[in-house]
Structures are given as structure tokens and as C-alpha cells.
Amino acid sequence: MNEERKHIVFLARWYPHRYDPMFGLFVQRHAEAAALFNDITVVYCQQDNEATRQQVESQSRDASTIPMNNKQDIVDASMHYNKKNFEIIRTLENNVDTIRIYYKKPKNKILSLLRFYRANMIGLKLCKSPVDLIHVHILTRLGVIAWIQKLLHKTPYIITEHWSRYLPGNDFGGFIRKLATKIVVRNAELVTTVTDNLAKAMQNHGLKNDNYVVLPNVVNLDMFHISEKKNNTPCKIIHVSCFEDKSKNISGLLESLKIVEQKGIDFQCTLIGEGMDFDFMKAKAEELQLINKVSFTGLLEGQKLADELSSGDFLVLSSNYENMPVVILEALASGLPVVSTNVGGIKEMIDETKGILVEPRNKEALAGAIIKMIETHKDYDPNYLRKSVIERYGYESVGKFLDSIYNK
């Protein structure tokens, strides 16, 4: 491991912000892991509309009152001011120099794109010099910015892609977007993805680079833990998602649970999260007469999420497509086996020693796997499940891995 700390700038397309503390949380964890061995600055730009802007303007200007993720961990607020179209908030969070820029929503898409680029350029100018490397998280716009910085200032950049849009069934198209993506990927020093499956999908789209590397996601092992007092009767099933049914297929999960219930098997399923289809899923549960079998907690964060997860007997996911759901790693760290559809990179995390995989869009197969897990979940060793996460997905492990990448 290199003893000299480098200055790495994260250009992040997804990152927790004051309107959504869970958005891009996995990127924030990568930044915190990297900050163990290098100096990290994050630049994140978020569009504001008039309603959210008025909400902010009605609040105190004191940075300690700004609602954002981990605000209790803010050590210093060195900048918080407004320009005409930009509000800039700079904080130090878990040793990560974090620059969030909120920009006013314009009236048309072209102006919105220009304002997005300007906001990121403002953020880059605020970074301390020198910048040894730019680490782009999520293409394509930010990749273009990094590529321009390389042309103008010879600053190298790497890419980490988290987005599942390259996978079959998703929308990665458009001549200009594909051409720009090919250029920025080709000129990157290295490309990381969180699964090998995603790397292959990108390459199948002609996104060529000689150095593709799988970068593990990070799990907060101090937060997610094995419960020693669990004695659930009936079996408690946990589901966590963003409640967007097209991808997460929560309706399919509810239909599978109805099949389980019709077979006379007792269970309780707790569905955690919120999103665009939350109310529709609650109505679906009522329609299926599952209201006594399922409960909806809404969004849970931090320790509340960890405690609820560890109280369950196993995790179930029913996604139609996925990349690498961090909640699977959090469940394993909590000693829970997993039932999931075999999509995206999930098979890279789950084998027969950790859970059961079924084909997507097959509610009978999912119901069968749930029934089997209800009967066998106690046969899985919680300590083995947790150890499998510790060895690869802890902050220090990922931080060392990133440090090795930065020094290639």
C-alpha cells in the first residue's frame, strides 16, 4: 500500500443530498472507504425546483441545520452561500471533503444540461490543488467533464459504473450518448464495475477499455449485526427496495406470497422502503387479502434499518433486473440467508451456501423458494454468512483495494 496520500476527486452523479439521504449511498461509502488512505473530495450537483428552493430559503443559514445524510458527522462547514442560480454547501463528512451544489431548475432541457455542467465546473474549481486523479461515478455526462479535464490539464480519470442500464431489457441507446460514452470509456485509465456481469454488458455495447476491474460495494459492518435474541414465530421475511415496481417487481413478490399463504404456510413479511409505487403496492396487498401477512414500514435509515433487517429470518428480492443490491450484503452481514431472482450480478454474491436463486418473472418458482427457505433458514450459519462479507466488503478492505487502483 502506498504511504503517500493522493488527492482524488469524486465526480458523482448519485449521492445522498438533503431531499434524499439514501440516493447513491453506495457512492458515499466508496468515498469514505477511499478516504482511509487518500484525500477525497466529492463534487455532487443536484437540481432544485422552486418548491424545494423555497423550503431551503425558509431554513436557517447555519450549516448544522441543513438536512442531509450523516449531518451529525459534519465536523466543519467551510462554505454555504447562494449565487443567483447556484447554492453551494461544503462540508467535511467522515473525512470526506464534500461539495454539494444545488442549481435552479431552468425552463428547458438544453439550459438544464448547461447549468449541470456549469455547476460541476464550479465544484471542480473549488477543489484544492493539485488533483491527482478524477474518479467518475456513473456515466455519461460526468465522463465527458473528466475527459475534457484530461485534455485541458492532463488529469487522468477512472470510471466506476453502478447503473444497470447496460443490462438486457434496459435503455442504453441514442447515437450521441453511445458515441460519447465510448469516447470517455476508451480514454479512462481504468473502468470499474461492481459486478463482472455489468462489465461484460458494457463491453457488449462496444464500451472498450483494456482495464476493467470489479470494485466491491461497501457494507458498514459496525451497523449491520447478527441478532442474538431472535425467536420469530411465525417466520419473519424481510424485503427492502425503492418501491419501483418495473425493476423491483414487488407486485410479483406479493403474488408469490399469496401462493405461499394459500398453501397454509404461516409467515410475516416486512416490506421496507418507499418510492413511486408505494401506495400501489399497499393497495395490491389489500387486493390480494394479504394485509394480515405483510406490513409496510416506509423508509428506514441507518440503525433503524439495520435493527429491522437483523430481526428477520431471511431476505427476499424479486427483481426483474438488478446490478449488485447492497441490501444483499447487508443481509449477509446480519446473518440472514437470501432468496432472490437470478438477475444481474446477484449470482456473484449468492450460492447455495448463502441462499436460493430462482429465475425472474416466475411467481410459482419464487413462492417455492420462499417455502423452502421458511423450512430451512435455520440451517444456514449466521457467522459464516457474515464472514463472507467481512473478507471483501468492509471499509478497510475496499479502501485498500481503491488505494491499489489509484496507484497503478
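1. Start with helix α14 in this predicted model. Its buried residues are Val-398, Gly-399, Leu-402, Asp-403, Ile-405 and Tyr-406. Viewed down the axis of α14, these buried residues fall within an arc of 160 degrees, so they line one face of the helix. The general rule is useful here: an α-helix has 3.6 residues a turn, so residues three or four places apart point the same way.

2. What covers that buried face? Elements over the buried residues of α14 include the strands β1 (7-12), β6 (133-137), β7 (157-161) and β8 (191-193). The helices α1 (25-34) and α13 (382-393) are also among them.

3. The length of α14 checks out. The helix covers residues 395-406, which is 12 residues. At 1.5 Å a residue, α14 should span 16 Å, and its end C-alpha atoms are 16 Å apart, so the two agree.

4. Now turn to strand β5, residues 96-104. Of its 9 residues, 8 are buried, so the rest of the structure largely encloses β5.

5. β5 pairs with β2 and with β4. Strand β2 (residues 39-48) runs parallel to β5, joined by 9 bridges. One pair to look up is Ile-40 with its bridge partner Val-96 in β5. Strand β4 (residues 86-93) pairs with β5 in the antiparallel sense, over 8 bridges. There, Arg-90 stands opposite Ile-99 of β5.

6. Look last at the link from β4 to β5. The two strands form a hairpin, with 2 residues between them. Asn-94 lies in the turn and has a positive phi of about 50 degrees.

Note on methods:
Residues are numbered from 1 along each chain as its sequence is written. This is a predicted model: local features need pLDDT of at least 70, side-chain atom pairs count only at pLDDT 80 or more; totals for chains, interfaces and linings use all residues. Side-chain values use heavy atoms; hydrogens and water are left out. Helices (H or I, at least four residues) and strands (E, at least two) are DSSP runs, numbered from the N terminus. The expected span of a helix is 1.5 Å times one less than its number of residues. Buried means under 20% relative accessible area, exposed over 50%, partly exposed in between (1.4 Å probe, protein chains only). The arc is that of the directions from the helix axis to the C-beta atoms. Contact means heavy atoms within 4.5 Å. Two strands pair if DSSP finds at least two bridges between them.
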